[in-house]
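Welcome, and thanks for opening the viewer. Let's walk through this structure stop by stop, selecting one thing at a time.

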Amino acid sequence: MPNAFLVVDDSKLHHQMYNLAFARGTLAGSTVYHATNGREGYTLLAAHPELALVLLDLNMPEMNGLELLARRRSENLHPHIPIVLVTTEGTPEDEARGRAAGAWDYLRKPFQPADIERVVARALERAAPGPT
Amino acid sequence: MAADENAFSELIQDYIVECLPLAEQVGDAFVELERRWQEGDPGDNTLAALAGPLHTVKGNSAMMGIAPAQTVAHALEDICALLTAEPRLRGDEGAALLVSGSGMLIDLVRRAAGGAQPEAAAEFAEQARAFITSAQTGAAASESAGESTERRAGDRRITSRREEAASGPGSVVRVDFRRLDALLEVLGEGMIEQSAVIELYRRLARKVGPSDEVADLDRALLALQKTIKRMEGILMETRLLPASSVFNRFPRLVRELAHAAKKPVRLVTSGGATPLDKAILDRLGEPLIHLLTNAVVHGIESPEERARAGKPAEATLDLRATSESGRVVIRLSDDGRGLDDASILAKAEALGLEVRASDPEQLRALIFLPGFSTVKEVSSLAGRGVGLDVVATSIRELGGTIEVSSRPGQGVSFTLSLPLTLAILRSLIVEVDRERYAVPLSHVTATVRTEPDTMHQINQKGVALWRGDLIHVADAGELLGTGAPPNGSRRFYVVIGTGARRRGILVDRLIGHQDIVVKSLDTTVGRPDVVSGTTILGDGRVACILDVVRILDQRVPA
Amino acid sequence: MSAAPGKPRTGSVLHFADELDRQSPATEAPTPGAELHLVTFALDREEFGLPIGQVREVIRVGEITRVPQARPHVRGVTNLRGRVLAVVEIRTRLGLTVATTTPRSRIIVVGVHDRTLGILVDAVSQVVKVPAATVVPPPEEVLSPGTDYISGVARWNSRLIVLLDLEKVLSLQD
């Protein structure tokens, strides 16, 4: 069964980029759900327990990335789904704040499709670790 | 990472579609804020709301590998952050930086498809850094010392930076292009009036004879001419836009055409920074779109054909712009099937045209004639079947030329040559049968006095021996319909054209060189073949401008 | 007759405002449809009229530069204060022969749609206000497919003024 992913970002261009990335290489054939703000993103997250990974932009109107993470934690929604925060900045304090809020990892911009493949591979590995 | 190695580079048009409105929104807001700050209104909500769009443009630019835009957006973001936190810094200097930076950002985003120069962006980032640092140290100094001398030193630093910012490469103003057109028109009138004054001066000088006053007047007029010439130069520069402003829409267009035609085709553009007069640029889009459509729909073979021919499945269209000695050359090539010479020959014969099958260049030039379409199917994409004759006419109306070259099975290449400016032309004024005409100097190779021993008749066609070559010579009166004169009145001929297409035109007198203001011919007068426009000479009379390209195109009368 | 370069317009233009004031008091507002405001001009012995709304100005005839391969009925172009104006030979358009210009000849500068051009006429008569009631359709004998540019004939003060439809006159078919 192909993997399902959720991308939450207020930039239409980024959604096009994600589509490009999820259509090639090891990710080809993936199902991708799109949300343009945190509120939409939360709704879709709740509706799809089968998601392999969520890519969450930090700065969005109407509930930003951190707010979404906070709400998910307080409602304990699908804690098994890894959420990756996508951001341009990266001070250690920011990262710590994100992880504290519940982000599993960070994806720093600018990224290329290969970076998404890597993050997905790590997430899948974590969910079902291979034989050691 | 360079933009062209970027996996997302095919989304460049989408990038522009998303980021250009954001950049413009930010730019407009900064202009508004500048006004408000001058009135003492801090404009809080506006400033805070701009953080989002700037952040998006910065992130998108980074994703697309467009470093200059990313740099400028980042710098603007930083300045905004500083000014949001420190309302007392919201003033002229900060506003000037924001306005100039956003103008640069808009430009960078708009020209993203054509490639941008990173230096200007880096310089702006420097200015931003300097402003922020000085603001922070200035704040620290005034807080700690509270000394008026410290403050004055800070002010002086800020003032000189303001001057730098004002004169820096990022300073941009927005001007309605109609103002530039109006300016050009007024300049044109000024040049006409200048010619009139010079003409009057000449008459006066002849009447009065040499004298100190005449010499002074001569010098003054020369200085005036130089100044007006400089004005013309600067004005022409303001009207220049990069070729990418018209190239930008094409990658998406080609993608759509290719998709509809079910052929994989990609468009590669280069030379997007090449400058062109906006007036020309505005009218270049349509002919280029026709050429691109033709290439995709008719020039490129189906994927199966290409496979059989051993060509890569994805066809390539190459569009490039370059500056070449005062002209802009735009080349559009494809790696398709090339022109079918046999079809062209057949069509020519069907139309009753006389052709030499042995001259492929002349043969292929026929495709620009009206009614000449060798396309077998009419496709709905190519639509109303706009022919290449319309393209050729559009290019000619811009004062340009279009040529085609082709290699069967390998592709077709169109070369457009356009003048840098539309409106002012260096020309040679000649007299034929007491009427004066202007010949664009860029097409004039030489002027020659007719000597009996160099003029001959071969098969009753006039030829001349010029620099060792035999060139065909036509009578201007015949060309222009005033008729060939009795022997002897044509004392000069003007050599026009280059290479194989070179001719002499017999005229009565050579009047001189003149910068003329081109006034397009009213459609009321019609569309003469030999005249491309009109101008007003120093004596107030209207003179026709000879359409040298069309004259050269004309077949030598049998 | 040549126009000197850059000569100011005042000496060479009929001032229509003055004409209008002289012929009718400025307070009188023309009722649409009740009267036709015409510029009349002569070709041979015939009188013709053009709606004043289409007339920009009237100028003396300066140098008209011939344009090679121009459309039929185009005499050439002339300099109108730095603008190149096309001059139409209305005589030939209306089926008359070309006449040499005289000191009374004039160019009527007209605006049709967004084009401005000049019409060369033998002489300009006056600006007149003709009651719409005096206009009759042109007599059938006069009308022919080639003369559809006549929109009517005004009989006024024992004069016969042929009203021209400028657009049709200027739709020069080659």
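Start in chain B and select its open sheet: 6 strands run in the order β10-β14-β15-β13-β12-β11, with mixed pairing. Keep in mind as you look around that this is a predicted model.

Which strands sit at the edges of this sheet? Colour β10 (444-449) and β11 (455-458) of chain B, since each of these pairs on one side only. Now turn the view to look across the strands: ignoring direction, neighbours in the sheet are turned by 35° against each other on average.

Zoom in on one edge next. Select β10(B) together with β14 (residues 492-498) of chain B, and you will have an antiparallel pair joined over 5 bridges. For a landmark within that pair, label V448(B), which stands opposite Y493(B) in β14(B).

From the sheet, move to two helices of the same chain letter: choose α11 (residues 250-261) and α12 (residues 278-299) of chain B. Their axes come within 10 Å and cross at roughly 30°. Angles under 35 degrees count as roughly parallel, so α11(B) is roughly parallel to α12(B). The crossing of the two is right-handed.

Show the side chains where these helices meet. On α11(B), pick F250(B), L253(B), V254(B), L257(B), A258(B) and A261(B). On α12(B), pick I289(B), L292(B), T293(B), V296(B) and V297(B). Colour the selection by residue class and the contact of α11(B) with α12(B) divides into 10 nonpolar, 1 polar and no charged residues.

Now zoom out to where chain B meets chain C. How many residues does each chain bring to the contact? Chain B gives 24 residues and chain C gives 20 residues. On the chain B side, select α8 (177-208), β17 (531-536) and β18 (542-546), each of which supplies at least two residues of the side touching chain C. The largest share, 4 residues, comes from α8(B). Colour this side of chain B by class as well: there are 11 nonpolar, 5 polar and 8 charged residues.

Last stop: hide the rest and show chain A, which has 5 helices and 5 strands. Trace the chain along its sequence and you will follow the pattern β-α-β-α-β-α-β-α-β-α. Of the 132 residues in chain A, 34% count as buried. If you draw a contact map, consider the pairs in chain A at least 6 apart in sequence: 67% of those contacts join residues at least 24 apart.

Terms used
Residues numbered from 1 in each chain as written. Chains lettered and ligands numbered in written order. Predicted model: local features only at pLDDT ≥ 70, side-chain atom pairs only at ≥ 80, totals over all residues. Contact = placed C-beta atoms within 7 Å. Nonpolar A, V, L, I, M, F, W, Y, C, P; charged D, E, K, R; others polar. Buried ≥ 20, exposed ≤ 12 C-beta atoms within 10 Å, placed from the backbone. Pairing = 2+ DSSP bridges. Axes fitted to C-alpha atoms, helices over the stretch in contact; angles between N-to-C directions. Parallel < 35°, antiparallel > 145°, perpendicular 65-115°, else oblique. Left-handed = near helix turned anticlockwise from the far one by under 90°.
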